Amino acid sequence: MRSTNYQAKLFADFQADELRIDRLLQEKAKLVRQNKASTTKIQRLTKEVAHLKAQLASLVKDNDHYQTLAKTDSNNIGLPTSQTKINQKKRIPNSRVKSNKTKGDQKGHTKSSLAPFTAAEVTEHVTHELTVCPNCHGRHIRKTTKVKTKDELDFQIVIIKRRHEFPTYICDDCGKKSYEAIPNNLKEANQYGPILKAYALSLMNEANVSLDKTQRMIMGLTYDNLRPSQGYLAKLQKQAAKGLKPFGRELKQKLLKQKLLYWDDTVVMVNTKRACLRYYGTEKLALYRAHEHKDLKSIKDDALLTQLPADCHVMHDNNKVNYNPIFNYANVECNVHLMRDLQKCVDNTGHQWAKDLRKLISLTNINRKELLSQGSSSFDETTEANFYFKLNQALALGHEESKTTSNSYYAPTERALIKRIVDYTPEYFSWVTNFNLPFSNNLSERSLRGVKSKMKVAGQFENITSSKNYAAIRSYLETSYRNGKNPTKALERLMAGKPYQLKELIEK
């Protein structure tokens with residue numbers, strides 16, 4: 001009996017232990033599930049934190065980006081002062097200082113006026129008669145021998161209806177009829193003359209006037225006597241460019257012989273697509289070329305930079321393509337662009353190295369100009385050595401300051417600027433060691449400014465052919481102007497079939 005009770009007790013304890021084990025297993029499973037949920041939550045929260053950190057970094061970078069853009073103006077990126085942002089003070093890119101003087105001529109200034117005509121120069125006399133006394137309005141007045149004169153200089157458009165005659169001749173030796181060869185500009189039975197064509201081309205290519213306004217202006221100048229169609233005006237561009245092909249070839253050959261060449265290119269729109277208009281030139285020569293793409297292939301197609309000799313220097317705006325091994329010439333970098341980059345660095349980081357280097361370049365250039373005006377051809381060795389010593393000091397400081405740039409967006413740009421100056425030190429500062437080399441590429445900037453004005457007026461070229469025609473005409477006009485020739489007169493000669501040859505323009 002006792003044994004049975006003991007077995008029953010053991011069985012009961014066993015069942016109790018099983019229940020306790022089941023309960024513990026359930027608690028363990030619950031804890032495992034809770035642990036998994038916690039781990040999942042922790043992983044999710046970790047991902048959310050990482051995502052928020054990335055968003056924060058992106059927002060900080062975007063904020064730095066917008067702060068950088070807000071600090072850009074004509075002083076650090078070449079933005080025209082007319083595009084200065086609202087509520088932002090205009091920075092006038094010159095040394096003029098505002099004074100309290102009134103506008104216009106100042107006290108003691110010699111007035112400029114037209115000189116009176118000589119008797120031989122007068123082409124028209126107008127006598128103004130009085131019939132009533134201006135004081136008492138009496139009618140009994142008499143003319144004296146004293147005459148007061150005032151000269152007036154003006155012009156008027158005279159309509160010319162010119163008829164060309166070509167007599168027929170018979171040769172008594174061979175019996176054949178012949179007459180003087182008719183020039184190419186007189187192909188039709190009736191056509192517009194070279195003066196009208198010249199004025200139309202001048203308006204379209206110098207003043208950047210649209211076709212319809214060119215038509216209206218010619219009508220206004222001639223009091224509605226001449227009204228060339230817009231289609232005719234468009235064909236004039238093609239006709240002029242065709243007549244300038246020999247001039248373009250001659251100009252290119254002249255440029256290949258120069259010891260210093262400026263070049264730059266700019267984006268233009270051609271039939272809603274980005275294209276390129278390129279300039280090559282000197283103080284006396286200007287060659288323009290148009291291409292569908294702004295790339296190395298188009299430069300090769302121009303066949304100019306690729307043919308320059310090793311002793312030629314080429315000024316440009318840090319165009320990396322210029323350092324391609326296919327070129328032999330020496331490079332010269334524009335310091336005006338460098339000064340803008342340094343100012344932009346100052347505006348966005350406030351770092352001292354950029355301020356020091358900008359000041360060093362500016363003062364050295366001022367001293368160089370003074371020496372040039374005095375007939376000097378170089379700095380002395382001490383001045384030159386001192387310049388490069390201060391340059392290296394500024395760059396060394398820049399390396400240290402760039403490590404602590406707070407502007408996350410601009411930091412890579414600052415480091416790239418320092419590296420660029422180090423890599424291209426000889427090209428940037430060749431003007432310090434050689435006074436014959438220029439400080440800036442301002443000539444190219446000025447040469448392409450008219451193209452930008454045309455884009456603002458016209459928006460785009462109709463096709464690549466029209467842009468090439470424009471480039472050919474601009475080459476002729478600009479080269480003529482730089483050599484003291486009236487551009488409209490140059491166009492008149494062109495449309496008469498006798499354009500200037502380059503040897504006529506270049507001073508011997």
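Author: Two strands count as paired if DSSP finds at least two bridges between them. This is a predicted model, in which local features need pLDDT of at least 70, side-chain atom pairs count only at pLDDT 80 or more, and totals for chains, interfaces and linings use all residues. Residues are numbered from 1 along each chain as its sequence is written, and side-chain values use heavy atoms, without hydrogens or water.

Reader: How do you know that strand S3 and strand S4 pair, and in which sense?

Author: S3 (residues 260-270) and S4 (residues 273-281) share nine bridges, where at least two are required; therefore they pair, and the sense is antiparallel. Within this pairing, Thr-266 has Leu-277 of S4 as its bridge partner. Strands here are DSSP runs (E, at least two residues), numbered from the N terminus.

Reader: What is the order of the five strands in the open sheet?

Author: The order is S5-S4-S3-S6-S7, with mixed pairing. The twist averages 25° from one strand to the next.

Reader: Why are S5 and S7 called edge strands?

Author: Strand S5 (286-291) and strand S7 (330-333) each pair on one side only.

Reader: What makes helix H5 and helix H14 differ in their angle to S5?

Author: Angles run from 0 to 180 degrees between N-to-C directions, the axes being lines fitted to C-alpha atoms, for helices over the stretch in contact (heavy atoms within 4.5 Å). H5 (residues 245-255) lies across S3, S4 and S5 and runs at about 115° to S5. H14 (residues 464-482) also lies across S3, S4 and S5, at about 175° to S5; on a scale ending at 180 degrees, its direction is therefore close to opposite that of S5. Both are helices as DSSP runs (H or I, at least four residues).
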